[in-house]
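Visitor: I'd like a close look at a single part of this protein, please. Which residues make up the largest nonpolar core?

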Amino acid sequence: MGRMKLKFCIVLIMGLLFSTEMKCQEVAIKTNLLYDALMNINAGVEVGLAPKWTLDVSGDYNGWKFSHQRQWKHWMVQPEARYWFCDRFQGWFLGVHAHGGQYNVGGGLDNSIDFLGTDLSPLGENRVQGWFVGAGVGAGYAVALSKHFNLEFELGIGYAYTKFDKYRCTTCDSKIESDKDHHYFGPTKAEIGFVYLF
């Protein structure tokens with residue numbers, strides 16, 4: 001008799017779950033295809049807060065060393081509150097995000113990049129290790145591919161404050177500079193997101 005009750009409860013629960021019609025999606029999981037292309041492990045979760053509001057929390061990690069002692073190691077967390085102009089998870093949205101993390105970058109990254117006051121050319125020979133925090137705003141658009149899949153595009157700009165130590169080379173611990181700080185203003189988010197909606 002107990003097994004019969006258990007089977008009945010399972011069938012009842014499954015029937016309720018699949019017979020109710022969801023008018024608006026509640027939760028999404030996602031990955032940023034741009035970060036995937038840069039070999040960064042990333043994932044995000046977005047939850048509905050109100051008919052036009054969601055909270056997106058994404059994380060990013062890269063712990064790899066490449067040939068010739070090159071590295072772009074980091075971790076980052078980036079929560080974002082989003083306002084949707086239509087229904088949530090569809091169409092245009094505006095977002096306000098924060099970000100924070102740590103990094104250990106350099107060694108053999110030969111370049112002459114000086115982007116918006118941030119000179120990355122020393123990363124060819126030196127290594128920098130530190131942390132950052134900041135905030136920004138973004139705008140984006142979500143395209144429905146099917147009932148459960150979306151493609152999402154977003155660009156954001158903002159500010160980041162960073163404090164770091166500079167080392168002579170990737171593998172050595174001889175510091176050239178300690179507790180340097182830098183203020184950055186420019187792009188803080190770029191996303192082509194592949195999204196699964198529940």
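**The core and its surroundings**

Guide: Reading from the N terminus, the elements follow the order α-β-α-β-β-β-β-β-β-β-β-β, which gives two helices and ten strands (DSSP runs numbered from the N terminus: H or I over at least four residues for a helix, E over at least two for a strand). This is a predicted model, in which local features need pLDDT of at least 70 and side-chain atom pairs count only at pLDDT 80 or more, while totals for chains, interfaces and linings use all residues. Residues are numbered from 1 along each chain as its sequence is written, and side-chain values use heavy atoms, without hydrogens or water.

Now to your core. The largest one has seven residues: Tyr-35, Met-76, Tyr-103, Val-105, Val-128, Phe-132 and Phe-164. Strands β5 (91-106) and β8 (127-144) each bring at least two residues to this core. (A nonpolar core is a set of buried Ala, Val, Leu, Ile, Met, Phe, Trp, Tyr and Cys residues joined through side-chain atoms within 4.5 Å; buried means under 20% relative accessible area with a 1.4 Å probe, protein chains only.) Across the whole protein of 198 residues, buried residues account for 36%.

Let's follow one core member, Tyr-103. Beyond the residues up to four places away in sequence, Tyr-103 touches the core residues Val-128, Phe-132 and Phe-164. Its other contacts (heavy atoms within 4.5 Å) are Lys-73, His-74, Gln-129, Gly-130, Trp-131, Thr-162 and Lys-163.

His-74 leads us on to Asp-60, since a polar contact of 2.8 Å joins the side chains of these two residues (N or O atoms within 3.5 Å, one able to donate a hydrogen and the other to accept it; residues adjacent in sequence count only if both atoms are side-chain atoms). Asp-60 sits in strand β3 and is buried, at a relative accessible area of 7%. Two members of your core, Tyr-35 and Met-76, are in contact with Asp-60, and so are Asn-40, Ile-41, Asn-42, His-74 and Trp-75. Tyr-35 is 25 residues from Asp-60 in sequence, yet their C-alpha atoms lie 8.0 Å apart.

Strand β3 (residues 53-62) pairs with β2 in the antiparallel sense over nine bridges (strands pair if DSSP finds at least two bridges between them). Gly-44, for example, has Ser-58 of β3 as its bridge partner, and a hairpin of two residues links β2 to β3. Strand β1 (residues 27-32) also runs antiparallel to β2 (residues 41-50), with four bridges; here Ile-29 is matched with Val-45 of β2.

Another buried polar residue is worth a stop: His-97, in strand β5, counts as buried because its relative accessibility is 2%. Its side chain makes a polar contact of 2.9 Å with the side chain of Thr-188. Beyond four places in sequence, the residues in contact with His-97 include Gln-78, Glu-80, Val-137, Ile-157 and Lys-189.

Finally, a word on confidence. Mean pLDDT, the predictor's confidence in each residue from 0 to 100, is 84 for the protein, and 76% of residues reach 70 or more. Strand β1 has the highest mean, 97, while helix α1 (residues 2-19) has the lowest, 51. Over residues 16-23 the pLDDT stays under 50, and the model has one contact for them beyond four places in sequence.

Terms used: Buried means under 20% relative accessible area, exposed over 50%, partly exposed in between (1.4 Å probe, protein chains only).
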